[in-house]
Amino acid sequence: MHEDPKTLVSTDWLAKHLKDPDLRVLDASWFLPGSGRDAKAEYEAAHIPGARFFDLDDVSDNRSELPHMVPPVEKFMSRMRALGVGDGHQIVVYDSQGIFSAARVWWLFKLMGQDDIAVLDGGFPKWQAEGRETEDMLPVIRDRHMTVRRQNQMVKDVTQVSAAAKLKDTEILDARAAERFRGDAPEPRPGLRAGHIPGSKNIPYKTLQEADGTMKSPDALRATFEAAGVDLGKPVITSCGSGVTAAIINLALTRIGKDDHSLYDGSWTEWGQFPTLPVATGEN
């Protein structure tokens, strides 16, 4: 694979750089409600040496009723200082499902103007499958200041997404599984209507990955988008259930050299609960 410390690095790359003084590794594992798994407990039991735990639900805007929305800049900065992550660091983020929630954290750092962050390709499952070292000790953390320059164009709210859906000048790509997109399967969160944003296209995040949980090559990613009828000449807004797996599409788009894309933070958890917003069912 093509190693890129701004998007995606391999387990080999990370193993080689693990002792670099300015490397910071984050375990950003997160599970859907009702999964019965506890990300923090799993981190405490075993993680990549030196990794700090990034709590997606805590590093969020707790004033919002929607789950893990983008936190205010000041909160992000203070949480990162407490993790000892700041200016001059190369960050590698991983999760325990391959590439799942790590992409959301990658996107969040980019939104905050941090460029030197990569997702670990294949995540913790690949690291463990290769028999690499893990530990259960918590790292010693020293404060580090982070300069944040929020990139507002990278995130969209419901009004902007609604306008884009009406104007049809933007591709809206939904990362949920096909049966949820079509409205054939219930949503994991109660009270949401089934279906998708009218005019959006379905790119289930798994279709961007190989069987081992690593990301497809840029050529294969491009082919996946084209097969789904995506016009890569248009700007893209990504969406999913609650703004987590949508970021996998943003990562894939960045891997193919496309940079005019943003993420709908509220995603289906927001859209699906408002009876005034239109809902489509069936295929694209």
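In this predicted model, E187 is buried, with a relative accessible area of 12%. Its charged partners make a good starting point. E187 forms a salt bridge with R176, and the closest N and O atoms of the two residues are 2.8 Å apart. This contact ties together distant parts of the chain: E187 sits in the loop between α7 (178–182) and β8 (201–202), whereas R176 belongs to the loop between β7 (171–174) and α7, 11 residues away. R176 has a relative accessible area of 2% and is therefore buried, the limit being under 20%. A salt bridge also connects the side chains of R180 and E187, at 2.8 Å from N to O. Here too the two ends are out of the open, as R180 and E187 are both buried.

Salt bridges that share partners also join K6, K110, D115 and D116 into one network. Within it, K6 pairs with D116, with 2.7 Å between the closest N and O atoms. The two residues come from distant parts of the chain, 110 residues apart: K6 lies in the segment before β1 (8–9), and D116 in the loop between α4 (102–111) and β5 (117–120). How accessible, in percent, are K6 and D116? K6 has a relative accessibility of 35% and D116 a relative accessible area of 34%. Because partly exposed covers the range between 20% and 50%, K6 counts as partly exposed, and so does D116. The count for the model comes to 19 salt bridges.

Attention now turns to the sheet. Five strands make up an open sheet with parallel pairing, in the order β6-β10-β9-β7-β8. Its edge strands are β6 (155–156) and β8, each of which pairs on one side only. Working inward from β8, two bridges connect this strand with β7 in the parallel sense, and K201 in β8 is the bridge partner of L173. On the other side, β7 pairs with β9 over four bridges, again parallel, with I172 standing opposite I237 in β9. Strand β9 is in turn joined by three bridges to β10 (residues 261–264), and these two strands run parallel. In this pairing T238 faces L263 of β10. From β9 the chain passes through helix α9 (residues 246–255) to β10, a β-α-β crossover that is right-handed. Helix α9 lies across β7, β9 and β10, and runs at about 175 degrees to β10.

Which residues of β9 lie on each side of the strand? In a regular strand, side chains alternate between the two faces of the sheet. In β9 (residues 236–239), V236 and T238 are on one side, with I237 and S239 on the other. All four are buried, so both faces of the strand are covered.

L173, in strand β7, gives a closer view of the surroundings. Its relative accessibility is 0%, and L173 therefore counts as buried, a class that takes in values under 20%. Beyond its neighbours within four places in sequence, L173 is in contact with K201, I203, F225, V230, V236, I237, T238, S239 and I249. This list includes V236, I237, T238 and S239, the residues named above for the two sides of β9. L173 and I197 are 24 residues apart in sequence, and their C-alpha atoms are 9.3 Å apart in space.

Conventions: Residues are numbered from 1 along each chain as its sequence is written. This is a predicted model: local features need pLDDT of at least 70, side-chain atom pairs count only at pLDDT 80 or more; totals for chains, interfaces and linings use all residues. Side-chain values use heavy atoms; hydrogens and water are left out. A salt bridge is a side-chain nitrogen of Lys or Arg within 4 Å of a carboxyl oxygen of Asp or Glu. Buried means under 20% relative accessible area, exposed over 50%, partly exposed in between (1.4 Å probe, protein chains only). Two strands pair if DSSP finds at least two bridges between them. A crossover is right-handed if, with the strands pointing away from the viewer, the path from the first strand over the helix to the second runs clockwise. Contact means heavy atoms within 4.5 Å. Axes are lines fitted to C-alpha atoms, for helices over the stretch in contact, and angles run from 0 to 180 degrees between N-to-C directions.
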